[in-house]
Amino acid sequence: MSGAADRATDALYGLGWSTVKKLPEPVAKALGRNIADIAWKRRGKGVLRLEANLARVVPDAGPERLAELSRAGMRSYLRYWMESFRLPTWSKERVVDGFTPDGLRHLDEAFAADRGVIMALPHLANWDLAGAWVAQALGRNFTTVAERLKPETLYDRFVAYRESLGMEVLPHAGGAAFGTLARRLRGGGMVCLVADRDLSSSGVGVDFFGERATMPAGPALLAQHTGAALLPVTLWYDDSPVMRGRVHAPIEAPESGTREEKTSVMTQALADAFAGGIAEHPEDWHMLQRLWLADLDPGRVAAPGADAGPVASGPAE
């Protein structure tokens, strides 16, 4: 991006945080729907990519159904942004009441056993709200990673925003974050990673909705290195103002095999859990980028391995 484009991007996000959070909630919701509908009607690259991705998730859907899903998907995506812009102004009660998860027993059991916890999520619904809920409702701070965005001022905005919600944010920079995450987990802490999109060329190959993709090795490797519980989490919206979620049963490391083999098995299990949640609520999967190997540039596709470098996809997308 050019310097001018960088400044324009930063200014737009700054306008969102400074203006949207001051709007009455019904007005913010209506604004989000209107922006989503305008973007959907323009049929830009993001909308077309979303439809192409949804075609894998709902293979029996015809053009009309895919169009309905992509429109709902854009509305869900803008709901995420409207909520995120406003989250720093929400009271503790508003945050706690805004999310209802099932399966918390898996989290309780892990902490009762003095294990650290890795919560791994796909880009479903509002992962920032889920994180704020963990900090407010459970009283637990946690560590995450964020993709380094350009301009740097925009990245700084995202970091400050997420830290205000109770998160420790590390930059996604190769393997630099891995050691810090491992230390947090060995100390009984919690790590939350958005992990359905590999930002490197050295992720783990998985079968995802019948096609090959790569996902980050980090969650499985961290679980093996630290003994932490690896818990998939899926989120979705319904017709109410409350977001729903599910904490799935832990993914345990296989008893035998090499580190790479164990990582492959665990990452595939994580992909399967993500696929189940996405298939149930495809309109809430905010994947407006290329994901499957068949869609990626040849230079981006490398032999999938189990490098410790790619911890997870950044949650700031």
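**Rings, salt bridges and a cavity**

Analyst: Trp285 is buried, and Trp292 is buried too. Bear in mind that this is a predicted model.

User: How many aromatic pairs turn up in the whole structure?

Analyst: The search comes back with 9 aromatic pairs. Take Phe208 and Phe209: their ring centres sit 4.9 Å apart and their planes make an angle of 70°.

User: What makes the pair of Phe208 and Phe209 edge-to-face?

Analyst: Two checks. The centres have to lie within 6.5 Å, and 4.9 Å passes. Planes over 60 degrees apart count as edge-to-face, and at 70° the Phe208 and Phe209 pair gets that label.

User: Phe208 and then Phe209: buried or exposed, or in between?

Analyst: The cut-off for buried is under 20%. Phe208 has a relative accessible area of 1%, so it is buried. Phe209 comes out at 22%, and therefore counts as partly exposed.

User: Back to the tryptophans, then. Why is the pair of Trp285 and Trp292 called edge-to-face?

Analyst: Run the checks again: the centres are 6.1 Å apart, which is within the 6.5 Å limit. The planes are at 80°, over the 60 degrees needed, so the Trp285 and Trp292 pair is edge-to-face.

User: Which residues do ring pairs link into a cluster?

Analyst: Tyr77, Tyr80, Trp81, Phe85 and Trp127.

User: Let's switch to charges. How many salt bridges does the structure hold?

Analyst: There are 16 salt bridges. The idea behind them is that side chains of opposite charge can pair when their charged atoms come close.

User: How do you know that Lys29 and Glu25 meet in a salt bridge?

Analyst: The N to O distance between their side chains is 3.8 Å, and the cut-off is within 4 Å, so the pair qualifies. Lys29 and Glu25 are 4 residues apart in helix 2 (residues 25-42), which means about one helical turn separates them.

User: What makes Lys29 partly exposed, and Glu25 too?

Analyst: Partly exposed is the range between 20% and 50%. Lys29 has 39% relative accessibility and lands in that range, and Glu25 with 23% does as well.

User: What about Asp295 and Arg56?

Analyst: Their side chains meet in a salt bridge at 2.6 Å, N to O. Asp295 is in the segment after helix 11 (259-280) and Arg56 is in helix 3 (residues 45-57), so this pair ties together parts 239 residues apart in sequence.

User: Are Asp295 and Arg56 buried or exposed?

Analyst: Asp295 is at 16%, which is under 20%, so it counts as buried. Arg56 is at 15% and therefore counts as buried too.

User: And how do you know that Arg244 and Asp238 form a salt bridge?

Analyst: Their side chains are at 2.9 Å, N to O, and that fits the cut-off of within 4 Å. Arg244 has 25% relative accessibility and counts as partly exposed, and Asp238, with 30%, is also partly exposed. Elsewhere, salt bridges with shared partners join Arg49, Arg56, Glu211 and Asp295 into one network.

User: Why is Ser76 called buried?

Analyst: Ser76 has 5% relative accessibility, and buried means under 20%, so the label holds. Ser76 lies in helix 4 (residues 63-86). Setting aside neighbours within four places in sequence, Ser76 is in contact with Tyr237, Glu283, Asp284 and His286.

User: What about empty space: how many cavities of 30 Å³ or more does the search find?

Analyst: The whole structure gives 3 of them. The largest cavity holds about 240 Å³ of space. There are 25 residues lining the largest cavity, and Leu121, Trp127, Ala130, Gly131 and Cys192 lie nearest its centre. Elements giving two or more residues to that lining include strand 1 (99-102), helix 6 (104-112), strand 5 (190-194) and strand 9 (243-247).

User: Which element gives the largest share of that lining, and how do its residues divide by type?

Analyst: Helix 7 gives the largest share, with 6 residues. By type, the lining of the largest cavity divides into 19 nonpolar, 3 polar and 3 charged residues.

User: And the chain as a whole?

Analyst: The chain has 11 helices and 9 strands. Of its 317 residues, 52% count as buried. Among contacts between residues at least 6 apart in sequence, 79% join residues at least 24 apart.

Key:
Residues are numbered from 1 along each chain as its sequence is written. Side-chain values use heavy atoms; hydrogens and water are left out. On a 1 Å grid over the protein atoms alone, a cavity is a set of points where a 1.4 Å probe fits but cannot get out, and a pocket is an open set with protein on both sides within 12 Å along at least five of seven lines; lining residues have an atom within 4 Å of a point. Grid points are joined across faces, edges and corners, and a volume is the space filled by probe spheres set on the points. Ala, Val, Leu, Ile, Met, Phe, Trp, Tyr, Cys and Pro count as nonpolar, Asp, Glu, Lys and Arg as charged, and the others, Gly among them, as polar. Buried means under 20% relative accessible area, exposed over 50%, partly exposed in between (1.4 Å probe, protein chains only). Contact means heavy atoms within 4.5 Å. Rings of Phe, Tyr and Trp (its six-membered ring) pair if their centres lie within 6.5 Å; planes under 30 degrees apart count as stacked, over 60 as edge-to-face and the rest as tilted.
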